[in-house]
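Me: I am new to this structure and would like a close look at a single part of it. Could you take me through one helix and the aromatic rings that go with it?

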Amino acid sequence: MNEQEIKYQKAKERVADLRGFYRHLSVYIIVNLGLFLINMTTSPDNLWFIWPLMGWGIAIVLHALRVFGGALGSNWEEKKIAELMEKE
């Protein structure tokens, strides 16, 4: 594989990761909006919709960190490898 094909493949994988995150976020918003509406119409005195909202919200945050390169994202690994190679 030449350099251009490698760049294309990495870009394609990045787009797939972004699409997966945005799809996950969209489903999260739609489902939790539905749960909120159900909760408010059936038992507004008991706010149970908050639990799936928070639990799934943690998964969304972790997914975002993986896709957008949080403290230990895939970019971090490449940068750390390059840094360590320079020291030796």
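Reply: What follows looks at helix H1 and at the aromatic residues linked with it.

The model is a predicted one, and in it helix H1 covers residues 3-42. At 1.5 Å a residue, the 40 residues of H1 should span 58 Å, and the C-alpha atoms at its ends are indeed 58 Å apart, so the expected and the computed span agree. Where H1 starts, Asn 2 brings a side-chain oxygen to within 3.1 Å of the backbone nitrogen of Gln 4.

Further along, the buried residues of H1 are Phe 21, His 24, Tyr 28, Asn 32 and Asn 39, and helix H2 is included in what covers them. Phe 21, which is among these buried residues, also belongs to one aromatic cluster together with Tyr 22 and Phe 68.

Counting rings whose centres lie within 6.5 Å, there are five aromatic pairs. One of them joins Phe 36 and Phe 49 edge-to-face, with 5.0 Å from centre to centre and 75 degrees between the planes. This pair links distant parts of the chain, since Phe 36 sits in H1 whereas Phe 49 lies in the loop between H1 and helix H2 (50-68), 13 residues apart. As for their surroundings, Phe 36 has a relative accessible area of 31% and is therefore partly exposed, while Phe 49, at 12% relative accessibility, falls under the 20% limit and so counts as buried.

Note on methods
Residues numbered from 1 in each chain as written. Predicted model: local features only at pLDDT ≥ 70, side-chain atom pairs only at ≥ 80, totals over all residues. Heavy atoms only, no water. Phe/Tyr/Trp six-rings, centres within 6.5 Å; stacked < 30°, edge-to-face > 60°. Helix = DSSP H or I, 4+ residues; strand = E, 2+ residues; numbered from the N terminus. Buried < 20%, exposed > 50% of the residue type's maximum accessible area, 1.4 Å probe, protein only. Expected span 1.5 Å × (residues − 1). Contact = heavy atoms within 4.5 Å. Polar contact = N/O pair within 3.5 Å; in protein donor to acceptor, adjacent residues only side chain to side chain.
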